[in-house]
Amino acid sequence: MLGEGGMGRVYLATSAGGRSVAVKVVRPELAGDPFFRRRFKAEVEAAMAVSDAFTTPVVDTDPDGPVPWPATVYVPGPSLQSEIEVDARRPAAPATVEADNVAPGAAPAAES
């Protein structure tokens, strides 16, 4: 398991073609919520429409299955939790630089 959050768990897997992918498996209690499913499907469709240097491509998904999931290209790196812990010890300026690095990727996703 790579991580866990409010929406579900993320696992490292290998695609049929041998590519490393991150598969987010939605929590069962959310999978039964029709409002959540509509929102989840819309978010996955928006993510699939974005092709940008700052996003990871969705390579497969099943938003209508018993337990919805998307799979994205896996990008190795530190966990968000470890970055938060490191950032807590840094001065504020690097956090501003990080926000500047993240912002270009957020714009295309918000526009789709």
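Strands β3 (residues 20-26) and β5 (residues 69-73) are a good place to start in this predicted model: the two run antiparallel and are joined by 3 bridges. You can find one point of this pairing at V21, whose bridge partner in β5 is V73. Helix α2, spanning residues 34-49, packs on the sheet here and touches β3 and β5 as well as β4. Compare the directions of α2 and β4, and you will find an angle of about 160° between them.

Now let us widen the view to the whole sheet. Strands of a sheet pair through backbone hydrogen bonds, in either a parallel or an antiparallel manner. Here the pairing is antiparallel, and the 5 strands form an open sheet in the order β1-β2-β3-β5-β4. Which strands stand at the edges? They are β1 (3-4) and β4 (58-62); each has a single partner strand, so one side of each is left without a neighbour in the sheet.

Next, follow the chain from its N terminus. The elements run β-β-β-α-α-β-β-α-α, giving 4 helices and 5 strands in total. Read against this succession, the sheet order places β5 between β3 and β4.

Finally, some values for the chain as a whole. How many of its 112 residues count as buried? The share is 19%. The chain exposes about 7,400 Å², with carbon and sulfur atoms supplying 59% of that area. As for contacts between residues at least 6 apart in sequence, 45% of them join residues at least 24 apart.

Definitions and conventions. Residues numbered from 1 in each chain as written. Predicted model: local features only at pLDDT ≥ 70, side-chain atom pairs only at ≥ 80, totals over all residues. Heavy atoms only, no water. Buried < 20%, exposed > 50% of the residue type's maximum accessible area, 1.4 Å probe, protein only. Contact = heavy atoms within 4.5 Å. Areas by Shrake-Rupley, 256 points an atom, 1.4 Å probe, with all protein chains shown as cover. Pairing = 2+ DSSP bridges. Axes fitted to C-alpha atoms, helices over the stretch in contact; angles between N-to-C directions.
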